[in-house]
Amino acid sequence: MNEVPPIPSELITRLRAARRVAVLTGAGISAESGVPTFREAQTGLWARYNPEELATPEAFRRNPRLVWEWYAWRQERVRQAEPNPGHYALVEMERHLAEFILITQNVDGLHRRAGSHQVLELHGNLFRAKCCDEDRLVEGWPESSDIPPRCPHCGGLLRPDVVWFGEMLPAGALRSAEQAAASAEVFFSIGTSSLVYPAADLPLIALRAGATVVEINPQPTPLSPQVTFSLNGAAGVVLPALASQIWEIGK
Ligand code: BV8
Ligand code: ZN
């Protein structure tokens, strides 16, 4: 998993000439930071739960305490994690390109912690909470034994500010992501199983608009047969190698 796969010279040429690049990331880019990917088996007391069943409004309605504690556990995992070379290579990419947008499905906030600025969070963020009744962000709440805690404004239940299955994505972020995919010269799909919609549509929008689409993933995905270039390796290995070959970084 740690060797750098061959990077086609045609891809290097296109990236050197590119002015507009868009990137879609999934849980795989945080794997090398030690954050488990969304679909890999969960550990410890969460082993018996399927994330796709927990990340739903139904699960929260049925057992708000269980769902809140699952997110608290994930927050703790992320707090102990650090961005990895894959995150930092994307920060470099943003610095070198005239127009660059980073669209993420991840809710761990690691892209911003690494120093990326143009980030669109399609599925929200683990570290933000919102009131179920007022649907507004809540920055803080008084210490209490309530799990989930209560909204300090109206007493309603608080929930993580993430997009659950069956919920709409933030309209502004999705629209910007679709526009970026439609106008990018090069579109990267990195560390995602390409199973979840509408995020999984973005590389297809880029393809239809004539972009060069590059997938970086150690495993094949449903997108793999359609991309222009497939780099079968770990993001934390492939992205730094790509950045150094394009911008001679670290030479
Ligand atoms: C919506 C936030 C509509 C919460 C998440 C049938 C067909 C089409 C669509 C649907 C359908 N049935 C249902 C739907 C809709 C559904 C959907 O797409 N379901 C899928 C499963 C079929 N979508 C939704 O519900 C979306 N909303 O459609 O609303 C609507 C319309 C009208 C009115 C109301 C509603 C909402 C989707 C968002 C759900 N929330 N997360 C949380 O995180 O707790 S999605 C969840 O999956 C994660 O957040 C993650 O972001 C996302 C995708 O997973 P990945 O990031 O790809 O992670 P995964 O583990 O799957 O894969 C990791 C990959 O990394 C692997 O490929 C692995 O090989 C690779 N990898 C590993 N190591 C590395 C690596 N790659 C690189 N380097 C490494 N080192
Ligand atoms: Zn409230």
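**Close-ups of a pocket and a zinc site**

**View 1. The lining of the second largest pocket.** In this predicted model, 14 residues line the second largest pocket, and Gln75, Phe127, Arg128, Ala129 and Trp141 are the ones that lie nearest its centre. Helix H4 (64-79), E4 and E5 are the elements that each give two or more residues to this lining. H4 gives the most, chipping in with five residues.

**View 2. What the second largest pocket is made of.** Its volume comes out at about 240 Å³. Sort the lining residues by character and you get 10 nonpolar, one polar and three charged.

**View 3. The zinc ion (ligand 2) and its donors.** Which residues hold the zinc ion (ligand 2)? Three cysteines and a glutamate do the job: Cys131, Cys151 and Cys154 through SG, and Glu134 through OE, at 1.9 to 2.3 Å. Along the chain, the donors follow the spacing C-x2-E-x16-C-x2-C. Glu134 sits in the loop between strand E4 (124-131) and strand E5 (137-138), while Cys154 sits in the loop between E5 and strand E6 (158-162), so this pair ties together parts that are 20 residues apart in sequence.

**View 4. Geometry at the zinc ion (ligand 2).** The angles among the four donor atoms run from 99 to 122°, and the site is tetrahedral. For reference, ideal angles for four tetrahedral donors are 109.5 degrees.

**View 5. Glu134 and Cys154 up close.** Are these two donors buried, exposed or something in between? Glu134 has 32% relative accessibility, so it counts as partly exposed. Cys154, at 38%, counts as partly exposed too.

Terms used
Residues numbered from 1 in each chain as written. Chains lettered and ligands numbered in written order. Predicted model: local features only at pLDDT ≥ 70, side-chain atom pairs only at ≥ 80, totals over all residues. Heavy atoms only, no water. Donors = N, O, S within 2.8 Å, 3.2 Å for Na, K, Ca; no water. Tetrahedral: all angles 85-135°; square planar, octahedral: opposite > 155°, others 65-115°. Helix = DSSP H or I, 4+ residues; strand = E, 2+ residues; numbered from the N terminus. Buried < 20%, exposed > 50% of the residue type's maximum accessible area, 1.4 Å probe, protein only. 1 Å grid on protein atoms, 1.4 Å probe; cavity = no way out; pocket = protein on both sides within 12 Å on 5 of 7 lines; lining within 4 Å. Points joined across faces, edges and corners; volume = space filled by probe spheres on them. Nonpolar A, V, L, I, M, F, W, Y, C, P; charged D, E, K, R; others polar.
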